[in-house]
Amino acid sequence: MGRRRPDLARGELLVPSDVHAARIIDASANRAREALRMLEDVARFALDDQPLTSGLKSLRHDLREVIASAGIDAGLLLASRDTPGDVGASVTTPAEMDRPGLPAVAAAAARRLTEALRSIEECLKIDTGAGVPRRSASEIESLRYRAYDLEKRLVLALGTGTAPQWRLCVLVTEALCTHHSWQVVCEQAIEGGADCVQLREKALPDGELLRRASRLVEIARAARNAGRGGRRVMVVINDRPDIALASGADGVHLGQDDLPVLAARRLAGFSMLIGVSTSNIQQARAAIADGADYCGVGPMFPTSTKDKPVLAGPAYLAEYLATPVLRERPHLAIGGVTPENVPQLVRVGCRGVAVSSAVCKVQRPAVACRALHDGFAPTH
């Protein structure tokens, strides 16, 4: 960063006023560097995000340079270190030993980073009488603000970290329910093994859409309470994060022309899952970078539900599953999926499908769902 190091011959060595400040700076610098390395590894290996990785690496190097340019004697910091005598070394909380997933690991590391930088900054404000301007404290402050921005980008990109890999998601639209009411279709789909039901109604007034979403949540909850094999049936609302929140649904699914993921997070935070429809690898990468919990991947085959002049096909699913940052996130292959072609998707690694007409339009939705499940069974 081009900082001028203190001129030791002119007495520009900034020695903290006492050993206590030195110990604080030493411990905080160690915590900050460790946290940065953890965050850098997450950006590099979990997100495959080169700009984010570079930003974190640059921050780590700049922190080292600011500490050096402050003129604090490294020997003093080391000599002040007293790990065996540190009363805080043995103080822990249960939460420190409980990390439910990588997002929790990253969030904890980000908190350690900004807290440590603030400690360093405050100690560098101490007047030692050396007469050297306190540039270093303001430089640490600048690093802290950079850390806030990097934290936002990284933690949001990891999503909630709680999305399951559904085997079968049924998209329900009343107009497609030929033989039964939409409620009966949902109940039978759950009976047949659907572990997610998505409400897709683009033309309903808001009030009716909310009533229907709330009813679907009740249906799913009743199925869970009835002990359908111990499964938790989840509910996703198409397009509308506000309706998903108000109804108590588990998530919202967004199309390419709907609200951006970040806007949905501003409404819901991490309280619900966010899925995004994608038709190519660039859209999928962008969705995950924005923090989507799962991706819809398609269309796989021709479908009468939506007009899709270009088919992504199973080749796109294979590409998705071959991409490191994507294959770890849940996915749903969608578009013209039937019991007959599920094995074709399974052969390229498919773990879950989303269907609409194949369940909504048939006489026996539960039987159709079981047939879709059967398509995932290994063949010999």
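**View 1. D239 and the loop after β3.** In this predicted model, D239 sits in the loop that links β3 to α8 (241-247). Have a look at the backbone here: D239 isn't a glycine, yet its phi is positive, at about 75 degrees. Is D239 buried or exposed? It counts as buried, because its relative accessibility is 17% and the cut-off for buried is under 20%.

**View 2. D48, another non-glycine with a positive phi.** This close-up shows the loop between α1 and α2 (50-69), which is where D48 is placed. D48 has a phi of about 55 degrees, on the positive side, although it is not a glycine. With a relative accessible area of 39%, D48 is partly exposed.

**View 3. D26 in helix α1.** Helix α1 covers residues 19-46 and has D26 in it. At a relative accessibility of 6%, this aspartate counts as buried. What does D26 touch, leaving aside residues up to four places away in sequence? Its contacts on that count are L77 and R81.

**View 4. The closed barrel.** Eight strands make up a closed barrel with parallel pairing, and the order goes β1-β2-β3-β4-β5-β6-β7-β8. From one strand to the next, the twist averages 25 degrees. Where β1 (residues 168-172) meets β8 (residues 353-355), the two strands pair in the parallel sense over three bridges. L168 is the residue to find there, as it stands opposite V353 in β8. On the sheet, α7 packs against β2 (196-199) and β3 (234-238), touching both, and its direction makes about 170 degrees with that of β2. Helix α9 (residues 261-268) also packs on the sheet, touching β4 (251-254) and β5 (273-278). The direction of α9 makes about 165 degrees with that of β5.

**View 5. Strand β6 and its neighbours.** Strand β6 takes in residues 294-297, and both of its faces are covered. Which residues lie on each side? Y294 and G296 are on one and C295 and V297 on the other, and all of them are buried. β6 pairs with β5 in the parallel sense over four bridges, and V276 has C295 as its bridge partner in β6. C295 also stands opposite H331 in β7. The pairing of β6 with strand β7 (residues 331-334) is parallel too, over three bridges. One step further along, β7 and β8 pair in the parallel sense over two bridges, with A333 partnered by V353 in β8.

**View 6. A cis proline after β6.** Zoom in on the peptide bond from G298 to P299: this one is cis, with omega near 0 degrees. P299 belongs to the loop between β6 and α11 (313-322).

**View 7. Where α6 meets α7.** Helix α6 (residues 182-191) packs on α7 at an angle of about 30 degrees, and the two axes are 10 Å apart. Angles under 35 degrees count as roughly parallel, so α6 is roughly parallel to α7. The crossing of α6 past α7 is right-handed. From α6, the residues at this meeting point are W182, Q183, C186, E187 and I190, and from α7 they are R212, R215, L216, I219, A220 and A223.

**View 8. Q183 up close.** Staying with helix α6, this view picks out Q183. Q183 is partly exposed, with a relative accessible area of 27%. Not counting residues up to four places away in sequence, Q183 touches R215 and I219. How far is Q183 from L216 in space, C-alpha to C-alpha? The distance is 7.4 Å, while the two are 33 residues apart in sequence.

**View 9. The largest nonpolar core.** Nonpolar side chains tend to be buried together in soluble globular proteins. Here the largest nonpolar core has 62 residues, and V170, V172, Y320, L345, V353 and V359 touch the most other members. Helix α7 (residues 206-225) gives this core its largest share, seven residues. Apart from that core lies another one, of 38 residues, with L56, A106, I120 and L158 among them.

**View 10. Around L345.** What surrounds L345, not counting residues up to four places away in sequence? L345 touches M300, F301, P314, L317, A333, V337, C350 and V353. Two of these have come up already: A333 in β7 and V353 in β8 are bridge partners.

Methods
Residues are numbered from 1 along each chain as its sequence is written. This is a predicted model: local features need pLDDT of at least 70, side-chain atom pairs count only at pLDDT 80 or more; totals for chains, interfaces and linings use all residues. Side-chain values use heavy atoms; hydrogens and water are left out. A nonpolar core is a set of buried Ala, Val, Leu, Ile, Met, Phe, Trp, Tyr and Cys residues joined through side-chain atoms within 4.5 Å. Buried means under 20% relative accessible area, exposed over 50%, partly exposed in between (1.4 Å probe, protein chains only). Contact means heavy atoms within 4.5 Å. Two strands pair if DSSP finds at least two bridges between them. Axes are lines fitted to C-alpha atoms, for helices over the stretch in contact, and angles run from 0 to 180 degrees between N-to-C directions. Angles under 35 degrees count as roughly parallel, over 145 as roughly antiparallel, 65 to 115 as roughly perpendicular and the rest as oblique. A crossing is left-handed if the near helix is turned anticlockwise from the far one by less than a right angle, and right-handed if clockwise.
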